[in-house]
Amino acid sequence: MRVEKLAAKIKLLILDVDGVLTDGGLYYDHQGNVTKRFNVQDGLGIKFAQQAGLQLAVITGLNHGAVESRITELGITDYFPGQREKLPFYEKLIKEKGLKPEEVAYIGDDWIDAPVMLKVGLPMAVCNAQPEVIGISKWVSRKPGGHGAAREAISFLLDSQGLLEDIWLKWAE
């Protein structure tokens, strides 16, 4: 089946953080606090997805205050930090939302993401993901994680669902 047909069925996009919404770097200040770099275009893409009715969730292996602040700012309420075993949270999400696996996409970059990626209808990866993760993906971004890959994935999903042009036209008028 063509990847666009798979994307047309997606109702929920689950995002990893480190390596997808960020460049994967851990930036320490002089006091040992970790900061993260997020891409504003990814954030705007998330807002467009929400506007179009695409549900979003975040399951991340690490638990940092900077990430929680950004996820809260973006209005994503299904947020599961500090979860190296992501599959139980995926299963909980689809059960609570009444979704089938083929209605879910997941975008990741590393082995920790593979168990969920192997269960969803549309596994997606950033272009700088680990080779094994790219190998199990049905869609791979052209942009690396933390540099617009999430926006690219969201645009692909919305375009496959016939929703992207209307969002663009609201800005182009």
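**Entry 1: Lys36**

I looked up Lys36 and found that this residue is buried, because its relative accessible area of 13% falls under the 20% cut-off. I note here that the model is predicted. I located Lys36 in the loop between β3 (34–35) and α2. I then asked which side chain joins that of Lys36 in a polar contact of 2.3 Å. The partner is Asp18. I also listed the contacts of Lys36, leaving aside its neighbours within four places in sequence. Among them are Thr22, Gly25, Leu26 and Tyr27, and I recorded Leu62, His64, Ala66 and Val67 as well.

**Entry 2: the second largest pocket**

Asp18 led me to the second largest pocket, as this residue is one of those nearest its centre. Asp16, Asp109, Asp110 and Ile112 are also named as nearest the centre, and the lining comprises 13 residues. I noted a volume of about 180 Å³ for this pocket. By class, I recorded 7 charged, 4 polar and 2 nonpolar residues in its lining.

**Entry 3: the largest cavity**

Ile112 appeared again when I turned to cavities, for it lines the largest cavity. A search of the whole structure gave me 1 cavity of 30 Å³ or more, and the volume of the largest cavity is about 30 Å³. Besides Ile112, I wrote down Glu85, Lys86, Leu87, Pro88, Pro115 and Val116 as lining residues. The elements α4 (87–97) and α5 (114–117) each give two or more residues to this lining. I found 5 nonpolar and 2 charged residues there, and no polar ones.

**Entry 4: the largest pocket**

I next examined the largest pocket, which holds about 260 Å³ of space. Its lining has 15 residues. Phe48, Arg151, Ser155, Leu164 and Trp168 lie nearest the centre. Which helix gives the most to this lining? I found that α7 does, with 5 residues. At least two residues each come from α2 (40–52), α7 (149–160) and α8 (164–172). I sorted the lining of the largest pocket into 8 nonpolar, 4 polar and 3 charged residues.

**Entry 5: aromatic pairs**

Finally, I looked up the aromatic rings and obtained a count of 3 aromatic pairs. I examined Phe80 and Phe89, whose ring centres are 5.2 Å apart. Why is this pair described as tilted? The planes of the two rings stand at 45°, which is neither under 30 degrees, as for a stacked pair, nor over 60, as for an edge-to-face pair, so the pair counts as tilted. I also checked whether Phe80 is buried or exposed. Phe80 is buried, because its relative accessible area of 11% is under 20%.

Key
Residues are numbered from 1 along each chain as its sequence is written. This is a predicted model: local features need pLDDT of at least 70, side-chain atom pairs count only at pLDDT 80 or more; totals for chains, interfaces and linings use all residues. Side-chain values use heavy atoms; hydrogens and water are left out. Rings of Phe, Tyr and Trp (its six-membered ring) pair if their centres lie within 6.5 Å; planes under 30 degrees apart count as stacked, over 60 as edge-to-face and the rest as tilted. Buried means under 20% relative accessible area, exposed over 50%, partly exposed in between (1.4 Å probe, protein chains only). On a 1 Å grid over the protein atoms alone, a cavity is a set of points where a 1.4 Å probe fits but cannot get out, and a pocket is an open set with protein on both sides within 12 Å along at least five of seven lines; lining residues have an atom within 4 Å of a point. Grid points are joined across faces, edges and corners, and a volume is the space filled by probe spheres set on the points. Helices (H or I, at least four residues) and strands (E, at least two) are DSSP runs, numbered from the N terminus. Ala, Val, Leu, Ile, Met, Phe, Trp, Tyr, Cys and Pro count as nonpolar, Asp, Glu, Lys and Arg as charged, and the others, Gly among them, as polar. A polar contact is a pair of N or O atoms within 3.5 Å; within protein, one must be able to donate a hydrogen and the other to accept it, and residues adjacent in sequence count only if both atoms are side-chain atoms. Contact means heavy atoms within 4.5 Å.
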